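Please read the points below beside the sequence and the model. They are arranged for a student who meets this chain for the first time.

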Amino acid sequence: MGNSDTKLHFRKAVIQLTTKTQPVEATDDVFWDQFWADTSTNVQDIFALVPAAEIRAVREESPSNLATLCYKAVERLVQGADSGCPTDKERQIILNCTRLLTRILPYIFEDADWRGFFWSTVPGAGRAGRLDENGDDEARPLAESLLLAIADLLFCPNFTAQTHKKNNSDALEDIRSIDSCEYIWEAGVGFAQSPPLNYTHDLNRTELLKLLLTCFSEAMYLPPTSDRMNLNPWVSFFCSTDNRHALPLFTSLLNVVCAYDPVGYGIPYNHLLFSDHREQLVEQAVQILIVTLEHDAGSAASAALKALETSSSSSGVEEVEPAGPDNLFVNYLSRIHREEDLSFILKGLGRLLNNPLVQTYLPRSTKKIQFHQELLILFWKFCDFNKKFLFFVLKSSDVLDMLVPILFNLNEARADQTRVGLMHIGVFILLLLSGERNFGVRLNKPYTLRVPMDIPVFTGTHADLLIVIFHKIITSGHQRLQPLFDCLLTIIVNISPYLKSLSMVAANKLLHLLEAFTTPWFLFSSPQNHHLVFFLLEVFNNIIQYQFDGNFNLVYAIIRKRNVFHQLANLPSDTASIQKALQRKKKTGISRTNSMETVSMEGSRPAVPAEPGALKASLEATPGIDKITEKSQVSVDGTMVAVPHSESPQTTSVSRGSDTESNSGRDLEVYHTDTVRSRLSSVSSSAAWSPNSDWVLSWKAKLPLQTIMRLLQVLVPQVEKICIDKGLTDESEILKFLQHGTLVGLLPVPHPILIRKYQANAGTAMWFRTYMWGVIYLRNVDPPIWYDTDIRLFEIQRI
């Protein structure tokens, strides 16, 4: 009954605020206290009792009252941070103000005229109504007072942190004088003690982090721009030296995420019996981390890396002032270097990403986390900003614990149009990893784990798994994944020099892709399609030149499909043949011989399209492969030598918005074969483009076919002779012959290994920003913080 009265009382206060035409004085505490002093509503109640229309009405008709409400709520948070929230009533006031601000802030941000309000100072209110320690009454902007109060409250003993006082009768701990590094929330990087689990503290932290995330979300109300100087002022201040809690807060967020174990003690169905408040905290923590770590990796992170490399400190994160980025969170992340800390982070991320893959005999008996996209973004940022972490990941087979869940997610999401962003982040991570030699070497480890996926059964390595899933994405993914084809094949090119023995299934998949991509109508349908053939030929050349001995399965597949190479070498380039090929495109079919598509792994399930009514966020355009990679050659001593960009026809187009409907379908057709769809090229270039003889000849002359043709010239007669002499019909005998064969001295001089390493640029930075905030928008539905507000960074579409 009391709770109903509380809600009614609160609702009356909201109605009073919306109906008052005259400004209410800030000194009228009786009126303002109605919103937080006498209520015990939860955050869901606040969202229900404060409708969006009424917030907008106050904003338009009584702006001074809305401004005073925000000011008074921030003032109470500052007072709570000063006092340390010693009583239950004060803690309830802090939570009520936190929830109210979480509700109101998005409506402040959506109005351009209001956006600067929190960065203005309130006249006569030194530091939001109080003097600072030096007696200086210089007013702080309201935003700074709010952020500093939140930071203080996140380390408030008995509210969000475990008190260190032995006896409750002792004097209260002064929140201004405590060392918050002693109150880090969880053991891990730079902190050894694991405080006892306190669900109330976790809930309070979650509410404060939700408000913090809402503060940072001003970025969602600005249109997408590639301006590198467009920094989020909320994030910039919070991650600056003005925030004395920056280091313990970064460490707390990171440790809480990486130490979390959703399975717990492994009791079946425990997630149905007990509510897990730590999971909510972990979700908010990882979202705060990825937002605060949004930073241009360029010169700033490089400077931090140099500071790290010259460091000899033994601590987990050095506390000396670095020569790195101004963003302290990026700075701390880039300088984590102790092996035990790197191992803790990698194992934690790997455990969480593998959680949805865990199989048990009891259906749905273990908790499945849902924040894998945020974890992938966090893993990406670690690899991008901290090169020591990247090298640590690739130093052992632990990288495969990250690879399998990434491939699992790629396979699951390939047919779901709401998960295009997930496809991109997974492919970007693999592109980044593939630029390092160790990644290709690690892929030779046998794949023995049997994760239920709708892929052919095979016995082989993790490289085989990667190739089989990439083939599945290309041949049965939805249409808007076509801009990723270049990235997928680039990854295979990067790892190909190190693959010791491909399985027959993977070898057939590669040949099947070549067969599809070399169809004349496909080659002539777009100015970029021939690049896919160049990538595949480079894969074959790398394996033949550098890993011939163990790859008899691939050599056999090449011999069986030798006609594909001969037809490519003799591709017609006259105008009549080009037109004839384009006219016959719809009648063309490609054989699926030996593709083994019908044989699935036991327990597998196919990817399903998005459910009707699902929401998706649009994404910015993804730059072409030549824009996001730089070429490097592997020299004789194993070091990388940069290759200058040449004036080649590799001008891969920038795809249109990755997750938005193409607005130019009338200019394009999607051509189907049995297994492959043509990829969409840039409308601006393809609408007026048509193939001609000069264009075909310009790239046909550069096809790297010499090595393969030499292999066929030597081995085909030998294989045919064996078959005739011994009357062989069993391919196992031919494979034995190829296994013991050699081409030493018969092949052309090995070409240099060319690696295309990921390179950050403004286009990918903008893509990551829209993807990250799109994920956060869609994941925060209880309460729906930003629902139905005027988001400008991306569009929300209902399928």
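The numbered points that follow go from the chain as a whole to selected elements and residues.

1. Overall make-up. The model under review is a predicted one. Its secondary structure comes to 34 helices and five strands. The chain has 799 residues, of which 57% count as buried. Among the contacts with a separation of 6 or more, 81% are made by residues 24 or more positions apart.

2. The nonpolar core. How many residues does the largest nonpolar core have? The number is 247, and F35, F118 and W773 have the most contacts inside this core. For W773, the partners can be listed once its neighbours within four places in sequence are left aside. They are L213, F216, S217, A219, M220, V291, E294, L793 and F794.

3. The sheet. Three strands form an open sheet with antiparallel pairing, and their order is β3-β2-β4. Strands β3 and β4 are the edges, each pairing on one side only. With direction ignored, neighbouring strands of this sheet are turned by 40° against each other on average.

4. The pairing of β2. Strand β2 covers residues 629–634 and pairs with β4, residues 753–758, over six bridges in the antiparallel sense. Within this pair, E630 stands opposite K757, and K631 stands opposite R756. Strand β3, residues 640–642, pairs with β2 over three bridges, again in the antiparallel sense. Here S632 faces A642, while Q633 stands opposite V641. The reader may follow the two antiparallel registers by taking these positions in turn: along β2 from E630 to K631 the partners in β4 run from K757 to R756.

5. The burial of β4. Is the edge strand β4 mostly covered or mostly open? It is mostly covered, since six of its six residues are buried. In a regular strand the side chains alternate between the two faces of the sheet. In β4, I753, I755 and K757 lie on one side, and L754, R756 and Y758 on the other. Every one of these residues is buried, and both faces of the strand are covered.

6. Helix α17. This helix covers residues 387–395, and its buried residues are F389, L390, F392, V393 and L394. An α-helix has 3.6 residues a turn, so residues three or four places apart point the same way. Which helices do the buried residues of α17 pack against? The partners are α15 (339–354), α16 (372–385), α18 (399–413), α19 (420–434) and α20 (437–442). At the start of α17, the backbone nitrogen of K388 has a side-chain oxygen of N386 within 3.1 Å.

7. Helices α10 and α15. The axes of these two helices come within 7 Å and cross at roughly 50°. The two are therefore oblique to each other, because an angle counts as oblique when it falls outside the ranges for roughly parallel, roughly antiparallel and roughly perpendicular. On the α10 side, the residues that meet the partner helix are L254, N255, V257, C258 and A259. On the α15 side, they are F344, I345, G348, R351 and L352.

8. H245. This residue is found in the loop between α9 (233–238) and α10 (246–259). Why does H245 count as buried? Its relative accessibility is 1%, and buried means under 20%. The side chains of H245 and D152 are joined by a polar contact of 2.6 Å. Not counting residues up to four places away in sequence, H245 touches A151, D152, F155 and S180.

9. R244. The place of R244 is also in the loop between α9 and α10. R244 counts as partly exposed because its relative accessibility is 41%, a value in between the 20% limit for buried and the 50% limit for exposed. A polar atom of the R244 side chain lies 3.4 Å from the backbone oxygen of I178. From C-alpha to C-alpha, R244 and D152 are 8.8 Å apart in space, although 92 residues separate them in sequence. D152 thus appears in two points of this note, as it also joins H245 through a polar contact between side chains.

Key
Residues numbered from 1 in each chain as written. Predicted model: local features only at pLDDT ≥ 70, side-chain atom pairs only at ≥ 80, totals over all residues. Heavy atoms only, no water. Pairing = 2+ DSSP bridges. Helix = DSSP H or I, 4+ residues; strand = E, 2+ residues; numbered from the N terminus. Core = buried A, V, L, I, M, F, W, Y, C linked by side-chain atoms within 4.5 Å. Buried < 20%, exposed > 50% of the residue type's maximum accessible area, 1.4 Å probe, protein only. Contact = heavy atoms within 4.5 Å. Axes fitted to C-alpha atoms, helices over the stretch in contact; angles between N-to-C directions. Polar contact = N/O pair within 3.5 Å; in protein donor to acceptor, adjacent residues only side chain to side chain. Parallel < 35°, antiparallel > 145°, perpendicular 65-115°, else oblique.
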